[in-house]
Amino acid sequence: MEHPENNKEYKGLTVNSGIQQPSIINPYLNRKSFRRKEMTAGEMVEGILKGNITILSQAVTLVESVNPAHQAKAQEVIEKCLPFSGNSIRVGISGVPGAGKSTSIDQFGCHLLDKHGGKLAVLAIDPSSERTKGSILGDKTRMEKLSQRREAFIRPSPTAGSLGGVARKTRESIILCEAAGFDKVFVETVGVGQSETACHSMVDFFLLIQLAGTGDELQGIKRGIMEISDGIAINKCDGNNVDKCHSAATNFRNALHFFPKPESGWLPKVLCYSGFYGTGIEEVWNMVYEYIDFVKKNGYFDYRRNEQSKYWMYETINESLRNSFYNDATIEQRMTESEQKVLQGRQTSFAAANELLKLYFDKLKS
C-alpha cells in the first residue's frame, strides 16, 4: 500500500515514527514473590488436616509423581495422614463407556451433599493414549453442578499406561482425602474390564452402571464383573426407554440368582434411574446405605477393609519388584539381546525370560 506522504510533492512534510511501544510485562513485577515455597511434609500434612483444598491437590500431585524424591516425600505425608483416615464411605462406580458415569456422579454427589451433608471427593481415572501418553482429563466438565460445590473435590488422574500404578496411587489419594475431612469418596473407573477389579479392592460398595436397549442383553451379564458388584443401576430410564430398562432389570435379577452368594451375605439389588433427569437417585443411595449398615452389623465391612490393606501390600511388593527388574542396568543391556534371539527363533520366550530372571537373582545374591 502506497503512502501519499512519501510522494515528492509533499517533501516538506515529515512523518513521525511514533512512540516506542511499552513492554507487555510490568517492569515493577517482582518475579521472586510469585515463586511457590516448597512445603515440608509436616506443613503439607498440617494443611491437609485443616481441609485446605490447594494443599490437598498438591499432595495428590506429589503422590502421582514418578520422581523418586517426590515418592519418598509422598510416603511420609501418607504415613502421617494414615491415623486420620478410614472414616469415609468409599463407593466405586463403573460401567461401559457412554453409560453416563460422570453425569450420574454429578447427580449422586449433589443429592448426597443436599440430603446428608458432609464433604465429597471424586477420584476419576482417565485412560491415557497409548500413542501420545496424554489424557483429556475432561470428567470434571461433565460434572457441572458438583464442580461448583465448595464441599466437593474432583480430581481426574491419568492411567499413564499403568493401570496398577494409578490404582495404587488412587488408594493413597483416598487416604489423603479422608484425612482432609471428606466423609464420602467416589472412585470412577475407566470401564475397560481390568480396572474394575482394582477399583473393587479399594472401595466399600461397588456400583455397576448398565444400559438397556443397546443390543444383546446377555452382553451385560458377564460373570466376572457381576460377581464383584454390590449393586446394579440401569441408567437412562426415561422417555421411551422405561420399559426396556425394567425388562433388563428383570433379566439381571434372574441372572444374579445363578451366581454364588457373595461373602458379605448381601444379594445385589438391581434398580433403574435416570442420571439426566435425576429420577430414582434416592432409591440408589438408600440401597448403598442399606448395604453399609448390613455389612457393618455382620462384621464384613471391617473384614473387607483388612483384606484390601493386605491385597495392596502384596500389590506394592509386586510393583516394586517389577520396577527393580526392568530398571536394572544389567537386565536392560541383556534385554535387547534376548529379544533378538526370540525374534530370530533361536530361543523360546519362556527360556529367554528364565535366563533374564536367573541373571537378575544371581546378581542379587552376589
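Which residues does Glu 282 touch, not counting residues up to four places away in sequence? Keep in mind as you click around that this is a predicted model.

**Stop one: Glu 282.** Select Glu 282, which sits in helix α9 (residues 281–297). Now show His 111 and Lys 115: these are the residues it touches, once neighbours up to four places away in sequence are left out. Lys 115 is 167 residues from Glu 282 along the chain, yet their C-alpha atoms are separated by 9.5 Å. Is Glu 282 buried, exposed or partly exposed? Its relative accessibility is 36%, so Glu 282 counts as partly exposed.

**Stop two: strand β4.** Next, select residues 184–188, which make up strand β4. This strand is mostly covered, with five of its five residues buried. Turn on side chains: Lys 184, Phe 186 and Glu 188 point one way, while Val 185 and Val 187 point the other way. Then add strand β1 (residues 89–95), which pairs with β4 in the parallel sense over five bridges. To see one of the partnerships, pick Arg 90 and look across to Val 185 in β4.

**Stop three: α1 against α3.** Finish with helix α1 (residues 41–49) and helix α3 (residues 68–81). Their axes come within 9 Å and cross at roughly 45°, which means α1 is oblique to α3. The crossing is right-handed. For the contact itself, show Ala 41, Gly 42, Met 44, Val 45 and Ile 48 on α1, then Lys 73, Glu 76, Val 77, Lys 80 and Cys 81 on α3. Colour this contact by class and you'll get six nonpolar, one polar and three charged residues.

Conventions: Residues are numbered from 1 along each chain as its sequence is written. This is a predicted model: local features need pLDDT of at least 70, side-chain atom pairs count only at pLDDT 80 or more; totals for chains, interfaces and linings use all residues. Side-chain values use heavy atoms; hydrogens and water are left out. Axes are lines fitted to C-alpha atoms, for helices over the stretch in contact, and angles run from 0 to 180 degrees between N-to-C directions. Helices (H or I, at least four residues) and strands (E, at least two) are DSSP runs, numbered from the N terminus. Angles under 35 degrees count as roughly parallel, over 145 as roughly antiparallel, 65 to 115 as roughly perpendicular and the rest as oblique. A crossing is left-handed if the near helix is turned anticlockwise from the far one by less than a right angle, and right-handed if clockwise. Contact means heavy atoms within 4.5 Å. Ala, Val, Leu, Ile, Met, Phe, Trp, Tyr, Cys and Pro count as nonpolar, Asp, Glu, Lys and Arg as charged, and the others, Gly among them, as polar. Buried means under 20% relative accessible area, exposed over 50%, partly exposed in between (1.4 Å probe, protein chains only). Two strands pair if DSSP finds at least two bridges between them.
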